[in-house]
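Work through the exercises below with the sequence and the model open. Each task is followed by its solution in steps.

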Amino acid sequence: SRHLLGLINDVLDIAKIESGKLMLEIDPIDVQALFDEVYTVTHVQAAQRGIELRFEADIAGAARARGDFGKVKQVLINLVGNSLKFTPKGSIIVRGKAHPELGHLMFEVNDTGIGIPPDRQKVIFEKFVQADGSTTRRFGGTGLGLAISRSLVELMGGIIGVHSDGEGKGTRMYFSLPMWRDEALPTPEPLAANE
């Protein structure tokens, strides 16, 4: 029943995104606070499966991402959950790295799981797609979480992608978000009085 409830929520999220009715609250996002919350939600399942789960933030100074904290948390939980599903042993390492020269923050979820064949990597973020039918039957799930993740990241001005060297060689999922800039808004020019 929990799986069914999750599926219903995923379908509702997709409907909101596609109809343009999803509201975002854009704020500066502290990466360590984000990682702490995602760890709280995911570490028990990782421990139960005997998977090492590590979070590493390589964020110099006060660099923060620009986005909706709750939605970014949802994306990261989706990606970590996906890795947990397809990593029978080994580790999952979540990294956050600021690239101020490029104006974005990059998040990565690297796992030592079953990997993804190259020809399937292009469609992994499509609705209802997973690596193959047998994988879906073996591990369950609809692939909707990844479709929602892509939509949310793109709505927040970022990109999302996946790389794997093939079956049995692990997977790296990543997404970027714009960096928050504390620039003061320009003061509007006073209107010239009609003479």
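**Core and helix H2**

The largest nonpolar core holds 38 residues, and those with the most contacts inside it are Leu34, Phe35, Leu76, Val94, Phe107 and Phe175. Such a core is a set of buried Ala, Val, Leu, Ile, Met, Phe, Trp, Tyr and Cys residues joined through side-chain atoms within 4.5 Å. H3 gives the largest share of this core, six residues.

This is a predicted model: local features need pLDDT of at least 70, side-chain atom pairs count only at pLDDT 80 or more, and totals for chains, interfaces and linings use all residues. Residues are numbered from 1 along each chain as its sequence is written, and side-chain values use heavy atoms, with hydrogens and water left out.

**Exercise 1.** List the buried residues of H2 and find what they pack against.

*Solution.* Helices (H or I, at least four residues) and strands (E, at least two) are DSSP runs, numbered from the N terminus. Buried means under 20% relative accessible area (1.4 Å probe, protein chains only). In H2 the buried residues are Val31, Leu34, Phe35, Val38, Thr42 and Ala46. They pack against strands E1 (27-29), E2 (52-58), E4 (91-99) and E5 (104-111), and helix H3 (69-85).

**Exercise 2.** Is threonine 42 buried or exposed, and which residues does it touch?

*Solution.* Threonine 42 lies in H2 (residues 31-49). Its relative accessibility is 4%, so it counts as buried. Leaving out residues up to four places away in sequence, threonine 42 touches Leu53, Phe55, Val80 and Leu84, where contact means heavy atoms within 4.5 Å.

Key
Buried means under 20% relative accessible area, exposed over 50%, partly exposed in between (1.4 Å probe, protein chains only).
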